[in-house]
Amino acid sequence: MDDALQVQVEETDIGSVLHVAGEVDVASAAILRDALEGIPADSRRVVVDLSEVSFLDSTGLGVLVGEWKRSGEDTSPRFCLVVTRPEIRRVLEVTGLTSVFSIFDSLQEAIEP
Amino acid sequence: MSSRPLPDAVGDEEAASAPDDCIELRAPARPEMWSLVRMVASHAASLVNLDFEQLSDVRLAVDELATACSRGALPGCELQLVIRWEEGTLTVTCLASPVGADGGHDGELPLGFGPDELSERIIEALVDDYEISSLDGSTRRGWLRKSR
């Protein structure tokens with residue numbers, strides 16, 4: 001399995017969707033940060049799909065927190081995550097970030113109008 | 001943070017004797033090495049029959065331990081990792097040197113806690129015991145313990 005981090009940005013009717021795959025760690029988090037910073041500030045919604053992320057550490061969480069802050073620090077779904085893997089949900093839970101981010105169980109739910 | 005005594009540290013004579021149930025890893029303290037650290041930790045965790053969730057916990061906790069110990073790594077910094085397993089318990093000790101005296105903090109994250117605090121919050125939640133401390137101005141050591 002190739003764990004190198006890959007980020008693909010898709011512009012959709014509802015806003016920007018980032019499809020993230022691989023491991024987000026101290027070595028690769030800058031790739032995710034750069035992708036998030038490249039999204040226009042006026043994008044209606046930013047959906048970060050973590051369904052194919054196999055590892056997420058504190059550095060990656062820091063990048064997501066930074067984007068959440070940039071998007072206005074609220075729990076409205078302008079910035080939201082798609083989390084399907086239990087190990088990714090667990091790191092969000094133990095850090096208390098499940099109460100900060102809007103989290104969906106599937107991409108379909110996240111992009112529904 | 002735990003008040004239990006620190007296990008035999010990396011670099012001690014006993015560690016140097018490399019008992020049977022032990023893996024030692026020395027690597028440059030650079031981010032691209034962390035995937036190797038996680039792989040070794042996962043393998044050792046499988047040897048004590050930790051379940052899938054516990055194995056994932058160890059993988060993440062050891063990654064965070066290595067990150068916390070080597071934060072502010074100076075040129076030439078080396079990471080030494082020793083993983084021991086015994087009767088369903090995994091003990092990981094980590095030593096990084098040389099590191100900057102201030103730990104090289106990247107500043108506070110938006111939610112009000114620093115990078116070290118986020119790392120430690122994760123480690124604390126995932127393992128039974130842990131500790132991270134400075135041995136001197138340029139060496140940082142940490143350990144963690146996880147049981148079935």
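The following exchange concerns the contact between chains A and B and some backbone features of chain B in a predicted model.

Residues are numbered from 1 along each chain as its sequence is written, and chains are lettered from A and ligands numbered from 1 in the order in which they are written. In this predicted model, local features need pLDDT of at least 70 and side-chain atom pairs count only at pLDDT 80 or more, while totals for chains, interfaces and linings use all residues.

Visitor: Which helix supplies the largest share of the side of chain B that touches chain A?

Guide: Residues are in contact if their C-beta atoms, placed from the backbone, lie within 7 Å, and the contact takes 19 residues from chain B and 16 residues from chain A. Helices H2 (34-47), H3 (52-69) and H4 (115-126) of chain B each supply at least two residues of that side of chain B; helices are DSSP runs of H or I with at least four residues, numbered from the N terminus. The largest share, seven residues, comes from H4(B).

Visitor: Which peptide bond is cis, with omega near -5°?

Guide: Most peptide bonds are trans. Pro98(B) is found in strand S3 (residues 89-99) of chain B, a strand being a DSSP run of E with at least two residues. The cis bond runs to this proline from Ser97(B), and is thus Ser97(B) to Pro98(B).

Visitor: Is Asn49(B), with its positive phi near 60°, buried or exposed?

Guide: Asn49(B) is found in the loop between H2 and H3 of chain B. A residue is buried if 20 or more other C-beta atoms, placed from the backbone, lie within 10 Å of its own, exposed if 12 or fewer, and partly exposed in between. Because Asn49(B) has 11 other C-beta atoms within 10 Å, Asn49(B) is exposed.

Key. Contact = placed C-beta atoms within 7 Å.
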